[in-house]
Structure formats: structure tokens, C-alpha cells
Amino acid sequence: MKPMMSTPPRTDIAQTNTEPMIQLRDLEKCYKTKAGFTYVLRQINLDINAGEFITIMGPSGAGKSTLLSILGMYDHTWEGEFLFLDHPVRRLGAKERALLNKHYVGFVFQQFHLLDDLTVAENLDIPLSYRDIRKSEREALVADVLDRFNIVGKKDLYPSQLSGGQQQLVAVARAIIAKPKLLLADEPTGNLHTDQGREIMELFKKLNQEGTTIIQVTHSETNATYGQRIVRLKDGWMEK
Amino acid sequence: MNPFNKIWHGLRSLRQAKTVKQEIDEELRFHIENRAAENLAAGMSPEEAAREARRRFGNLQSVREECRESRGASFGEATAQDVRFAHRQLLKNPGFTTVAVLTLALGIGANTAMFSLVNALLFKPIHAQQPGHLAGVYQQEKADSGNFRFFSYPNYADLRASKETFEDLLAFWPGNVAMREGDLTRPVAATFVSANYFSVLGVAPLHGRGFLPEEETSTMPVAVISYPLWQRLGADPAMIGKTLVLNNTTFTLVGIMPRGFTGTGSLTSPGLFLPLGMMDPLAVRPGGVVANTLADRSAENLSLVGRFSPGVSLANSTAPLQVLSERLAAAYPKENRGYQLVAAPIARLGFSNSPERGLGDTLFTAALTLAMSAMLLLIACLNLANMLLARGSARRKEFAVRMAVGASRRRVLRQLLTEGFLLALLSGAAGVLLAVWATHALAVFAGPGFSQKEFLTFNSTPDVRVLAVSLGFCALATIFFALGPAWRLARLNVNADLKMQGAEDARSKPAGLFAMRHLLVIGQVALSLALLVAGGMFVRSVGRAVQANPGFAFGSNFYAELQAGAAGYDEPRVRELYRGATEQIAALPGVESDSLAWSMPFGDADYAAGVQRAGSSPLVDGKPFATVAEGKDMVANNNVIGTDYFRTLGVPLLRGREFTRTEVESTNAPRVAIVSQSLADELWPGEDALGRRLQFTRARADAPDTSMEVIGVVPELKQDLMGKASHPFLYQPYGQAYQPSMLLQVRVSPGADSKSLMRQAGEALRRLDPLLPVAALKTLRASHENSVTVALLRMGARIFGTFGLVALFLAVIGIYGVRAYSVARRTREIGIRMALGASSRDVLRLILREGLLLTAMGLGLGLMLAVAIGKLANGFLYDIAVIDPFAFTMAPALLALSALLACWLPARRASKVDPIVALRSE
Ligand SMILES: Nc1ncnc2c1ncn2[C@@H]1O[C@H](COP(=O)(O)OP(=O)(O)OP(=O)(O)O)[C@@H](O)[C@H]1O
Ligand SMILES: [Mg+2]
């Protein structure tokens, strides 16, 4: 597969093979609730190299989604250290984090988060519309992805007119359409038929071979086998 | 139960049993439904709320039976319930209620205020007992129904004596007198009245007494003053019995009229009421009639108002009046043949010998004003409709529950309309207060500008009519703002909305550009722009009117208004006095020249007369002449002036010369005239007018010869600000056209200080004759800037300028509200977009773009509306183009900037959305 787009690498980001893409040091996350502080992530230490395909597993409520949204740099209320390509994420402002995310990250949300007011094609176009790409090129990219995910026939439907599985396909398609360097996928196959799930996993594998770093959350041991490494979470702790 | 309810019930029981049963069902549902809604509000889930409500009212069938037993509480009860629930609903959202009430109060207030003015102008009866039984009485020429005349006193006395048609009949004549206040002599409007004046109107004096019958025609100097004059003189009840000096005659004050009494007029009140018999001693001469006016049956100088006898009214007065006319004509054929009596509603505006014919212009102005204020109300309604739409989305669940337990759509609609009407009533109350305050302020502002001599008696306290119309505005507003959103809610899909949890309205289709709430905003912006432009045009017009000149520069020149006639002086003495005044003031260092004049351009009074070529024979058979050579006449403004008049104004003559001293001072010099170029052109087209002769239109063969030789031609001077630029003008020398009141115009030398010159002029006049009433001493510019026309324009500018600003304010609130609501509703969408790469700037642009697009569409629509208004305003405003560059650039710019701000605030809030928080809000 040809690269779909090229993001101009930012000169201030040192990208060497020796350094891991992601380094987490004693990362802690807690929510302030009425009952006090509830820790959701405890002492997470994790290095992820560029080009890896990692699976995060664990029971419900273990903190998988929380960790993923920290890695996606959406969540910034945590303790510890997080270096993303040598950028100290903790010390970055909202704007810089958003910029890093935009340049490197594709995200499949557990709840899909499709926009109800937009058609499938329009939903797929959102990430591209914020990335300085010409209209004609965007249209070509959307058509390409629709084709690859076999949802050309659905392109003018609204999310509410899709089944849960179809919505999930669109969510995955939207995450990869801008050709991210890092793909974060929160249960990308939860609603899919086994065959469809396998196709998504094959796609991930292919993207990974082409250089995309992938971190997926899944409950499926089969899916986990597509990755090279499994991180297990339980009650916020990483199992060694 | 009140009688109305009883009747209602009686009527209802006549209907079929089936209907009654349906109604009981409906009532029941109503109770269940309210219960359910309250449960929901108390925090139960929708299903629970509905279930509990049903359980509580138990078996529908058995309750139904019970209900049929006691049908007492029904329609009234349901309404009361509706009102109670609506009341609670409004209290529950104080923020919403406050903004809604304020918004609507502005709209209703503006309309109530405008209607109060229109009411005072057109509808409000005068302050009198049973004003409906009063009518103006007129004398109409049988041969020419357009011709009317006033009444002579003897005719009046005879008519009053026959009590068949009119129980009683009053007579009056308005005139000005000069009243001494301290060492000032001020002109005050007086009405000379028959002794029964106050009793016919049915208004007793506040203090003292009215006039005694024997005072009517005698020359006993007694006076009654109006309330506002009494206030100005110190408002002391002990003033009764004290003296007033009017036209140098000492009067005894016998009565003070109560507040609000305006005589037979409606908006202004004279300061003084004096007996008819005092007209001659005070030298107030109606129509230039000679002395002893009351004894002469052919001296027509009174206006009559009668109170109909029982059984007679305007509608059936024709026959009895005809009998009266014939009797009068039979008794005094010489004076009364050919005339008949007619009755008509009392004239509201102005004073005339003919019935007030269609208040066309006034009605037009009134309609226009009300249309403008209606636009404001419409804007407020659009605003409110939008707020209700937004809130309706939040209340979908409540109404879904109501409908789930059986509320009919009609009931839901009724509940919502009740809420709307309650809101409108609250706003209406606030609006009426606002209107009272605003109209009072307007009257205070406008009062002095309109008349120095009369008193504006606008009473801002709303009467029944104003309150009723305000209530109408409330009802109208309710329909406008509540019906649409209520209709939408009543149509909702119960199933979908019951299940709906979380984000309000998340399920509804996206709000496209032409969604209801967007159309409402576009409408608001359009209407606001139209009002703003209208306001801008008025402001501009006032500016131009103030800057206008009649054909010469005002400079720092000034004038004195001399009313020697009011001092009771006879013609020789007045002439002598005015000659002396002219000489003495001309001698003051710093005065370049001065001159007498009867009226002045842009003054509050101007005079006109028919003129034709000299030698034309009078009209014999009433057929008009075809050409000026035959004697065709035309209306020309006329003025009576002294020497150096044009020099004093700074207007060079085109041909010929000014009047000589002899012509101005002598009564028997050869008759001469100066004409304006347009009069010359009309009378002698293509010829030289100098040396030609003209005369006032001769109506009868025995009319005195008025022919005069044209000795000068001058350029056009604009006499009336709103009038045409060139109007034929005829000037006569003072020597041949005596007037007791004259203006003394003074031209100030360059560099001289006009303020100190005015002071010196005042002193010189006092030295000349300390009793000479000087009604005014001011600069031409000040006089122009405070003239009635400019005052009216200024009042319009004040009203419509305010309308424009209020409209702007409402539109900004409207835009802000809709954008803010949209942002709140779209928080999740914004979060997702940001998570997918949208920057703060992208989000800002997204929200701004939509707001500005709506604004731009509103502005486009508004400009079209504004052009229509411009076309209209062009017709009656002073010197304003259909598309006035100032109004048409400033108004859209102001609105666009305000809209930008109104969009920018919510957009900024949107751009600050934290995606992680927004995504969690699902
Ligand atoms: N906003 C919040 N406030 C308080 N607690 C929260 C909040 N969001 C998540 N949590 C808690 O954090 C914990 C981890 O949640 P998270 O969504 O990461 O679990 P998860 O591993 O993704 O589970 P699942 O497999 O069900 O998706 C849960 O116990 C949850 O209750
Ligand atoms: Mg999760």
C-alpha cells in the first residue's frame, strides 16, 4: 500500500531509532470523586518503540481506556513522566499537545464518537479537513478508504442509520485515514463479526509492517496474537 | 361560581353526553399529567413518573364516575391549574424568565408608548363630562359645501337660547395675550369663552369659580387660569382674588382649572380663559374685524361646541339642525340666508371654521409609528420564540411524560400557551410601566420645543384604552412567540423522547442553515437593520434640517418679536413705536442694519394670499380663468416688511430696489410691492415684471382696489423648511399693510458680539417703552433650531433612534442566545472535532462562520426592507435620499460589529472546550 499522505516531520522533534517513541515513568492517574481520590492507573512504566504493535488487555474498569487517552494526549491530568518522541508531554501546553496529536496520532474511540449530523463520507473527511489537504485529494482519500472498508454503499448514510458494527468500521476508517504514525485503537473490533474483526486485524498488521506504531485495547486473545507484545492491566496496575 | 361560569356551564350541558364524557376523561388526564410532570421535576425517571401518577389517580373508570357527579371544577379549574403550573414553571427558571420578560417588555413597552401618543392625538376624549354628547357646530354654505364660516355672537346667543337640539352651547375664540411676569412680558395662549364654557364641558374649577353670566359680554376684567399656568406661577391656591396684568390691563383671578383640563382642544391647553367680552378691550381681533365684535351679527368670530339634548346625537342631528338653520335664516335673512348648521365631532387638532376633515396625515404618521414599534415587538417575539424553542428541547421529556399518561396535543398546546400568555402579561405590566416612563420623558423633552405660549398636556398615565390595547399586544405577542414552539412540542414523538436520556435534543435532526431558529435570527437581524436605518435617517434628517438655510446665512443675526398690539396701543402709536425701535437699534454700534418683518423664513407662522395681475375682474360665475392675462390667480406667500429688509437678511435684489422710508412709514404712498422671481415668472412669463402691477385676488366687485406696482424682484427664499424650494412670494411695505405684531430683524456687523448686542437691543426697547411686550429676543439660528418642524423631527429622531438601538440590542441578544445555545448543544461535536485534529482556531472559525453567515443573510434581507423604508421616509423626512449614505453604511456596520461580538463570545467559549471533558459528556 502506498503511503496516503506525508506529514512533514517537525524539525524540533528528534526521531532516532535508538530512543523509544513513548516512555512512561511512574505514571499515575486518579479521579477526584466524592469518596476521595480513586486511583485508576498506578506506577505505569512502559517503553514503546516506533514500529511496535502492542496489545493492552485487562478486565473491565482496569484503566485501559484511561491509559489510551493519556497516550493520545487528550488527557493531561496525571502524575509521572511521559516522553513522546522525547517531548516531555507533562510540560507541554494544550496547543502543543493538540499539535503532536494531530501530527502523529489516529484514535479509534471505544464509543466511536461519530458525528450524528454528518454522513459517513463527511465523518471520514473530518480529520483530513484539519490537515491542509486539497479538496480533490481529500475526496480521493475518502473514496479509497470507503472502498478498502467495503462501505462505499453507506457513504451517504448518517451514523444513526448504520448498525453498531458498521459504525465501528467507520470509526476505524476515520482513525487511519490521515495515515497516522501512531494508531491508538480502543476495542476496534468489539462490535464486529469474527470475519470482519480478522480483516481489521489484517489491516492493522499491514499498517504496522508499513511502519505504523499500533497500540490496541482488546478483550480478544485472538486479536492479541496480532501484536508483538501484551501489556496486562488490572485495577490500574501493570502486571509484570 | 361567577355568573359567567354559570352561563358557560349551562351552555355546555346542552351538548351531548358523549362530549361531556370525553371532557371528563380529559380533565382526569390533566390531573394525572400534571402529577406526572411534577414527579419528573422531583427527580423520578420518566417511566416512574408516569406510573406513579397513574397509580395515584387509580382506576380511571371509577374516578370518571365520581367526576360526573361533581362537575363543579372544570374549565375554570383546568385554567387555574394551567396558570398555577405555568407560574411555577416561570419561577423555576428565574434567569430565563427575567431575560424573556425584559425582552418582551421592551417590545410591548414601545408599542404601548406609541399607542399612548396616538391615543392622545386621535382617540382619547377631552377632559369633560360625557364627551360623547358633545359636538362641534359649524355653519356651512349651502351653495358651496366646502365653504364654512364662524359664528357671530348674536347668532350664537339665539342658537343657545333654543334648547331643543342642544341642551347648552358654548362659544370660544383662541387668541394670544401678553402677560406680565415680573419685569418680563410673555405671550400666553388665551381662550375667550362664553360664561357657560366650563359648565357645558362639565368641569368645575379646582379653586375659585368659573365665569358668571353677567361677565360674558361685559368688560369686567376677570380671568380663569389653567392648571399648568397655575403651576408656573407658583401653584398657590391663595392666588384667587390676586391680579394678573394682560395686555396692560389688570385682571382679577377668579378660578383655577383642574389638571388635565384642556378646554375643547386635546393635546395642548391655553394658559388663560377670559370672557368673550374682553376680546375688544384687549384688542384681540378675530379675522381683523373692527371693534365691538359681539354686537355685530355679521362679525363672524366664534367657534361653537354644543351638548346634545337627550335623545339627540351626532347621528340624528341633521334634521333638528336644519329646523334651527331655517328659523335663523327666516329671522335674520341678510346674515344667514344660504347657510346651514352642521354638527361634527369636536376638532382634535388645530382650530378651524370647518369640521375636522379626516385626520389623514396624522393617521398616516400614527400608522407609520405603530408599524415601526410593531417591528420592535416582532423582533422581541422572534427572540422569545427562539428562547422557547431552545427551552422546549430541554422540556421534551416533561411533555413526553404528559402525553404518555394521556394528555392530548390540544392540552399540551394549551398548557404551553398559558405559560406564554402569563409571560406576556408579566412583560406587558413591565412594558406599560416602561411606556409611562418613556412617554413622560418624551413629553418633558418635547414640551418646551413645541409651543412657548401653550402648554402640552400629555398625560402619560394609561387609560382603559391604552391598557386594553397593551393587553392586545400581549395576546398578539403570545401567538407570535409561543404558538410555533408549542406546536413543535405538541407534535413530539412520545416513544423516542421518553427513552431519551443524556444530551438533550441529541436525537433531533441537525439544525441546518434554514432551521427554524436560524430563520428567526435572520428575521431579527433584518428587522433590526430596518429600524436602525430608519433611526439613522431621522437623525440625519434633523442634522440636515438644523444646517438648512432658507436662502441666506443666519450668521449671528437676531430678531425681536414685538407685540405692541398686545399692549393695547392703537395703530398710530404702534407705528410710531416700531419706527423708533428700528431707528434706535440701527444706531447701536455693531448693528449693520435692521428691518421690520411680519414673518420670517423658517418661522412658526407664515401667511399666504391669492394674487393676480392688476385689473383682473372678479370671478362672476365661479368659472376659473384660464390664463394669467385673463386674471388667473395663484397662491403666494406674503410678508410685510420695512426698509433694508433684504440687506438685513443679506439677500441681494435681482432687479429694482428695496422699499423707501416713505413707503414703509406712510399709509398713503403709492402702492408698491416686491415679488420673488418665481412669482414674476408666473404672472409675466418671459417678460420683465418691473413696473407691472398686481393685486390680491378680487372676490367681489366692490372689494377695495389693492393693485400695486412691482418695484423689485428678489430671489426665492424658502419660507417653510419642509415646503418646496421656490414658492411665489409677495412683499408689501409696512406703510400699506399694518400689523400690530412685528419682528424686528437685526443684522450684526462682522466681528460684533451678538450676545451683548441682543442685551443692548433689549435695553433699548425697554427704554423706548417699558410696557412694550417683547415676546422673543433670539438669534435666527436658535429660533430655527427650536422651531416646531425641527422639534417634530427631533422627536422623531429620538423615538426612532431609540427604536433602532433597542432593536440592535434585541438582535444582539438574539444572536448571542442562539449561538450560545448552539455551542452548548454541540459541545460533544466540538470535542470530537478537536480530538480529530481541529485547532482552537478551527473551532472558532466554525462557530463564527455560521453566526456571521446568518447575520449576513439577515443584513441582506434587512437592506431590502430598509430601502422600502427609505422610499417612504424620503417622502416626509427633510432632505433625505432614499438610500442615505450615512444611515445605510453606519447601521449595517454597527449591526455587523455587534453581531460579530455576539458570535465571537460563544465561539471563543467553544474554542476553549477540552476534548476529554466534551467526549465524556456522552
Ligand atoms: N470521569 C471519571 N470519573 C471518575 N472515575 C472514572 C472516570 N472515568 C473513568 N473512571 C473510572 O476509571 C476506571 C477505569 O476506567 P476505564 O474506562 O479506563 O476502564 P476500561 O479498562 O477501559 O474498562 P472497559 O473495558 O470497560 O472499557 C473505572 O473504574 C472508572 O469507573
Ligand atoms: Mg474502556
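# A guided tour from helix α6 of chain B to the magnesium site

Begin by selecting B:Ala120, which is found in helix α6 of chain B, a helix that covers residues 94-123. The model on your screen is a predicted one, and the values quoted along the way are computed from its atoms. B:Ala120 is buried, with a relative accessible area of 8%. If you display its surroundings and set aside residues up to four places away in sequence, you will find that B:Ala120 touches B:Ser266, B:Leu267, B:Arg348 and B:Phe458. For a sense of scale, draw a distance from the C-alpha of B:Ala120 to that of B:Arg517: the two residues are 397 positions apart in sequence and 39 Å apart in space.

**Chain B as a whole**

Now select the whole of chain B, which contains 28 helices and 24 strands. Of its 922 residues, 52% are buried, and its accessible surface comes to about 40,100 Å², with 59% of that area belonging to carbon and sulfur atoms. Among the contacts in chain B with a separation of 6 or more, 81% are between residues 24 or more positions apart.

**Two further helices of chain B**

Move next to B:Glu419, whose place is in helix α14 of chain B, residues 409-450. Is this residue buried or exposed? At 4% relative accessibility, B:Glu419 counts as buried, and, leaving aside its neighbours within four places in sequence, B:Glu419 is in contact with B:Ala86, B:Gln89, B:Arg391 and B:Arg395.

Then go to B:Val788 in helix α24 of chain B, which spans residues 788-825. B:Val788 counts as partly exposed, at 26% relative accessibility. A second C-alpha distance can be drawn here, from B:Val788 to B:Ala446, and although these residues are 342 positions apart along the chain, their C-alpha atoms are separated by 9.8 Å.

**Two residues with positive phi**

Stay in chain B and select B:Asp879, which sits in the loop between α26 (840-876) and α27 (885-911). B:Asp879 is not a glycine, yet its phi is positive, at about 45°, and with 42% relative accessibility the residue counts as partly exposed. Cross over to chain A and select A:Asn150, found in the loop between α4 and α5 of that chain. A:Asn150 also has a positive phi, near 65°, in a residue other than glycine, and A:Asn150 is exposed, with a relative accessible area of 68%.

**A covered helix in chain A**

From that loop, turn to helix α3 of chain A, which is mostly covered, since eight of its ten residues are buried. Colour the buried ones to see them together: A:Val120, A:Ala121, A:Asn123, A:Leu124, A:Asp125, A:Ile126, A:Pro127 and A:Leu128. What lies over them? The cover includes α4 (135-148) and α5 (164-176) of chain A, together with α25 (827-835) of chain B.

**Ligand 1, between the chains**

Select ligand 1, which lies between chains A and B. It is surrounded by 14 residues, of which the closest are A:Ser60, A:Lys64, A:Ser65, A:Thr66 and A:Gln110. This shell divides into four nonpolar, seven polar and three charged residues, and α1 of chain A gives the most to it, with three residues.

Three polar approaches can be picked out individually. An oxygen atom of ligand 1 is 2.8 Å from a polar backbone atom of A:Gly61; a nitrogen atom of the ligand is 3.4 Å from an N or O atom in the side chain of A:Tyr31; and a polar side-chain atom of A:His219 lies 3.5 Å from an oxygen atom of the ligand. Taken alone, ligand 1 exposes 630 Å², and the protein buries 64% of that.

**The magnesium ion**

Finish at ligand 2, the magnesium ion. Which protein atoms are its donors? They are OG of A:Ser65 and OE1 of A:Gln110, lying 1.9 to 2.3 Å from the ion. A:Ser65 lies in helix α1 of chain A (residues 64-71), whereas A:Gln110 lies in the loop between β6 (105-108) and α3 (120-129), so the pair ties together parts of chain A that are 45 residues apart in sequence. With the two donors still selected, note that A:Ser65 is partly exposed, at a relative accessible area of 28%, and that A:Gln110 also counts as partly exposed, at 33%.

Key
Residues are numbered from 1 along each chain as its sequence is written. Chains are lettered from A and ligands numbered from 1 in the order in which they are written. This is a predicted model: local features need pLDDT of at least 70, side-chain atom pairs count only at pLDDT 80 or more; totals for chains, interfaces and linings use all residues. Side-chain values use heavy atoms; hydrogens and water are left out. Donors are N, O and S atoms within 2.8 Å of the metal (3.2 Å for Na, K and Ca); water is not among the atoms, so sites may look incomplete. Helices (H or I, at least four residues) and strands (E, at least two) are DSSP runs, numbered from the N terminus. Buried means under 20% relative accessible area, exposed over 50%, partly exposed in between (1.4 Å probe, protein chains only). A residue is near a molecule or strand if one of its heavy atoms lies within 4 Å of it. A polar contact is a pair of N or O atoms within 3.5 Å; within protein, one must be able to donate a hydrogen and the other to accept it, and residues adjacent in sequence count only if both atoms are side-chain atoms. Accessible areas come from the Shrake-Rupley method with a 1.4 Å probe; for residues, only the protein chains shown count as cover. Ala, Val, Leu, Ile, Met, Phe, Trp, Tyr, Cys and Pro count as nonpolar, Asp, Glu, Lys and Arg as charged, and the others, Gly among them, as polar. Contact means heavy atoms within 4.5 Å.
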